[in-house]
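Q: Could you take a close look at one part of this model with me? I would like to start with the strands and how they are arranged.

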Amino acid sequence: MRHFTIVAILLLYILTVAVQLYIHRDIRNYLYGKLRRLGLIAFWILSVATLGMLTITIVLQILDYPELYSVMWILFIYITVFVPSCIYCLLSSIGRLFNWRRNGRRVNYMSLAGFIVSFILFIFMWWGVLFTRYEIVVNNIEYKSSALPKGFDGYRIVQFSDAHLGTWGNDTAFVSDLVERINSLKPDVILFTGDIVNRETAEMAPFLKTLSRLRAKDGVFSVLGNHDYGDYADWKNDSEKTANLELIKVWQRQIGWTMLNNEHTYLTNDKDSIALIGVENWGEPPFKQYGNLEKSYSSSHDNPGNLYDKKFKILLSHNPEHWNQEVSTMSNINLTLSGHTHAMQMVFKLGNKRASPASLKYSQWGGLYNRVNSKGDTLSLYVNEGSGEVGIPARFGNAYPEITLIELKR
């Protein structure tokens with residue numbers, strides 16, 4: 001994985017130089033006098049800074065620098081300059097197809113358009129870092145079902161997902177705000193649907209005390225996500241990786257969370273009960289397959305508690321594709337809660353319509369979905385868009401950190 005990253009960064013290095021040479025030529029061709037001198041000064045400052053960021057990233061990768069947090073920020077700063085520069089080059093190149101002239105000199109109006117668009121994109125990207133990623137939203141969902149026991153009418157569930165604590169380094173401020181917002185909703189139960197870290201369990205250490213403050217009448221339950229197994233880190237041996245996974249289980253127990261690793265429990269309220277089922281990460285390539293619905297809640301009709309029994313059931317499964325490909329075809333589980341997609345940390349909203357690049361990969365990427373199975377049962381899935389980030393420390397547009405409050409109604 002590390003060697004692949006180094007090759008990718010070297011290719012970016014070459015492409016970055018090519019982009020900078022193009023922009024340098026445009027400055028010399030289309031600007032004159034003081035404007036040209038100012039343009040060249042700004043160009044050299046940005047060029048040195050951009051190549052410096054890439055150089056530092058390459059060196060840190062070669063040295064196998066363990067602090068992902070620093071590398072992530074360096075890469076993001078680079079991206080916020082490199083991507084707008086590429087947009088400028090694209091628009092300027094289109095403008096070169098036209099032979100526009102002004103006062104006898106050749107001009108390229110698309111280069112001006114490219115500068116404006118690139119500047120707006122730069123502001124948009126940094127807005128996602130400085131503001132959007134901190135704007136926690138609570139989405140209120142009223143979930144109605146005739147199968148819900150009377151004792152659970154009005155029962156309050158809070159779901160949160162994809163905390164990716166490593167993205168925050170040692171800064172606990174945001175996670176503390178998240179915990180306070182969750183507690184303020186006075187939930188009956190809190191459900192976490194996976195990806196508490198980015199690469200390794202050690203990322204949890206600064207946040208243990210903060211997360212232990214979560215409070216709900218029936219407790220906090222969680223499942224593992226694809227990032228929680230240590231599959232994205234380079235381990236010296238298998239035993240080191242196994243110890244990493246065991247530590248995440250130990251620490252979650254220490255902060256008062258109950259993990260459901262391919263198992264189930266029952267929630268009781270006013271002498272009624274519902275089944276709460278949790279599967280490990282149900283992976284699809286390139287993610288590994290750990291989830292086992294059969295193990296967590298039997299499909300055998302000989303078993304009083306089975307996937308088609310009449311008990312109201314809630315499933316925690318990190319990946320919504322599990323619901324899409326298996327849960328909705330081989331069970332009557334009433335409500336499945338997932339995360340994983342983050343809406344690719346980019347959502348655009350127009351009226352009641354929402355769009356995200358996540359829709360190119362996931363049929364269900366954010367919000368509530370319903371499906372009727374072959375037996376006529378209406379099954380529901382809610383995909384939480386996560387509270388943290390992975391890859392880049394930003395959320396764009398309307399991809400706000402999400403807390404979901406689900407109120408069960410008969």
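What is the strand order in the open sheet of six strands, and what kind of pairing does this sheet have?

A: Happy to walk through it with you, keeping in mind that this is a predicted model. The six strands of this open sheet follow the order E8-E9-E10-E11-E15-E14, and their pairing is mixed. The edges are taken by strand E8 (263–269) and strand E14 (367–372); each has a single partner strand, so one side of each is left without a neighbour in the sheet. On average, and with direction ignored, neighbouring strands here are turned by 20° against each other.

Let us zoom in on the E14 edge. Its pairing with strand E15 (residues 378–383) is antiparallel and runs over six bridges. One place to look is Leu 368, which stands opposite Tyr 382 in E15. As background, strands of a sheet pair through backbone hydrogen bonds, either parallel or antiparallel.

The other open sheet makes a nice companion. It is built from three strands in the order E13-E12-E16, again with mixed pairing. Here strand E13 (353–355) and strand E16 (396–397) are the edge strands, each with a single partner strand, so one side of each lacks a neighbour in the sheet. Strand E12 (residues 346–350) pairs with E16 in the parallel sense, over two bridges, and Met 346 is found opposite Phe 396 in E16.

Strand E4 (residues 156–160) is worth a stop as well. This strand is mostly covered, with four of its five residues buried. E4 pairs with strand E17 (residues 402–409) in the antiparallel sense over four bridges, and with strand E5 (residues 189–192) in the parallel sense, also over four bridges. Gln 159 lets you see both pairings from one residue: it stands opposite Thr 404 in E17, while its bridge partner in E5 is Leu 191. To get from E4 to E5, the chain passes through helix H5 (residues 173–184), and this β-α-β crossover is right-handed.

From the strands we can move on to the charged side chains. The structure holds 11 salt bridges. In one of them, Glu 407 meets Lys 409, with the closest N and O atoms 3.6 Å apart. Both partners count as partly exposed, because the relative accessible area is 25% for Glu 407 and 26% for Lys 409.

A contrasting setting is offered by Glu 389 and Arg 395, whose side chains form a salt bridge at 3.6 Å, N to O. Glu 389 is buried, at 0% relative accessible area, and Arg 395 is buried too, at 0%. These two residues and Arg 133 are linked in a network of salt bridges.

A further salt bridge joins the side chains of Lys 249 and Glu 246 (3.5 Å, N to O). The two residues are three apart in helix H7 (residues 238–254), which means that about one helical turn separates them. Lys 249 has a relative accessible area of 19% and so counts as buried, whereas Glu 246, at 39%, is partly exposed.

Finally, have a look at the surface of helix H4 (residues 109–130), where Phe 115 is placed. Phe 115 is exposed, with 54% relative accessibility. Together with Leu 112, Ile 116, Phe 119, Ile 120, Phe 122 and Ile 123, Phe 115 forms a nonpolar surface patch with about 700 Å² of accessible area.

Note on methods:
Residues numbered from 1 in each chain as written. Predicted model: local features only at pLDDT ≥ 70, side-chain atom pairs only at ≥ 80, totals over all residues. Heavy atoms only, no water. Patch = residues over 30% accessible without salt bridge, like charges linked within 9 Å, V, L, I, M, F, W, Y side chains within 5 Å. Areas by Shrake-Rupley, 256 points an atom, 1.4 Å probe, with all protein chains shown as cover. Salt bridge = Lys/Arg side-chain N within 4 Å of Asp/Glu carboxyl O. Buried < 20%, exposed > 50% of the residue type's maximum accessible area, 1.4 Å probe, protein only. Pairing = 2+ DSSP bridges. Right-handed = clockwise from strand over helix to strand, strands pointing away. Axes fitted to C-alpha atoms, helices over the stretch in contact; angles between N-to-C directions.
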